[in-house]
Amino acid sequence: MSGKRQKGSLTKTPVSTYVTTVPETTWVRWLPNALPAAGYTTLRNSSDEPVDVTTIRAPDYKNVTIHQTVTDSESSKMVKVDKITVPANGEFALVPDKYHLMLEKPTRLITPGDNTRLIFFLSTGKVAKVRMPARTSPEFN
């Protein structure tokens, strides 16, 4: 998702007022040695139309992809998805064992307590910006 180039300057891209994140659900599971991290949040859409997240960029990581955990009777696996849809007047949760952001190749040293920056590009032509605290577990503040 991070490999796609958006037309125009990011500084000129309007920020969405109707797609927001729920702060208490927003965090990055930090792992040592620059291993891939997992990002979690709940996206809330207060508009009357569904909105797709089409691309995600993170200045603090070279690659960002969305994965869904698919489980059958014998195993589970991560499957890359191309987009997620936040329903009209609803929410889409990126939570452990369901959906998560795969954050790969950090561009700087990230440690627990740091904030990472993500930009969600929406099908409306706007963006949602979020800072995600790096933690070793969801309970760590």
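## A tour of the salt bridges around D60

Begin by selecting R117, a residue whose relative accessible area of 34% makes it partly exposed. The model on display is a predicted one, and a search of the whole structure finds five salt bridges in it. This tour visits those that involve D60, R108, D114 and R117, which are linked in a network of salt bridges.

With R117 selected, add D60. Their side chains form a salt bridge, with an N to O distance of 2.9 Å. R117 belongs to strand β10, whereas D60 sits in the loop between β4 and β5, so this contact ties together parts of the chain that are 57 residues apart in sequence.

Now centre the view on D60 itself. Its relative accessibility is 1%, and D60 therefore counts as buried, the limit being under 20%.

Next, select R108, the other arginine of the network. R108 also forms a salt bridge with D60, and the closest N and O atoms are 3.0 Å apart. This pair again links distant parts of the chain: R108 is in the loop between β9 (99–106) and β10 (115–122), D60 in the loop between β4 (51–57) and β5 (61–71), and 48 residues separate them. R108 has a relative accessibility of 34% and so counts as partly exposed.

Keep R108 in view and add D114. The side chains of these two residues meet in a salt bridge at 3.7 Å, N to O. D114 is partly exposed, because its relative accessible area is 23%.

Finally, display D60, R108, D114 and R117 together to see the linked network of salt bridges.

Definitions and conventions: Residues are numbered from 1 along each chain as its sequence is written. This is a predicted model: local features need pLDDT of at least 70, side-chain atom pairs count only at pLDDT 80 or more; totals for chains, interfaces and linings use all residues. Side-chain values use heavy atoms; hydrogens and water are left out. A salt bridge is a side-chain nitrogen of Lys or Arg within 4 Å of a carboxyl oxygen of Asp or Glu. Helices (H or I, at least four residues) and strands (E, at least two) are DSSP runs, numbered from the N terminus. Buried means under 20% relative accessible area, exposed over 50%, partly exposed in between (1.4 Å probe, protein chains only).
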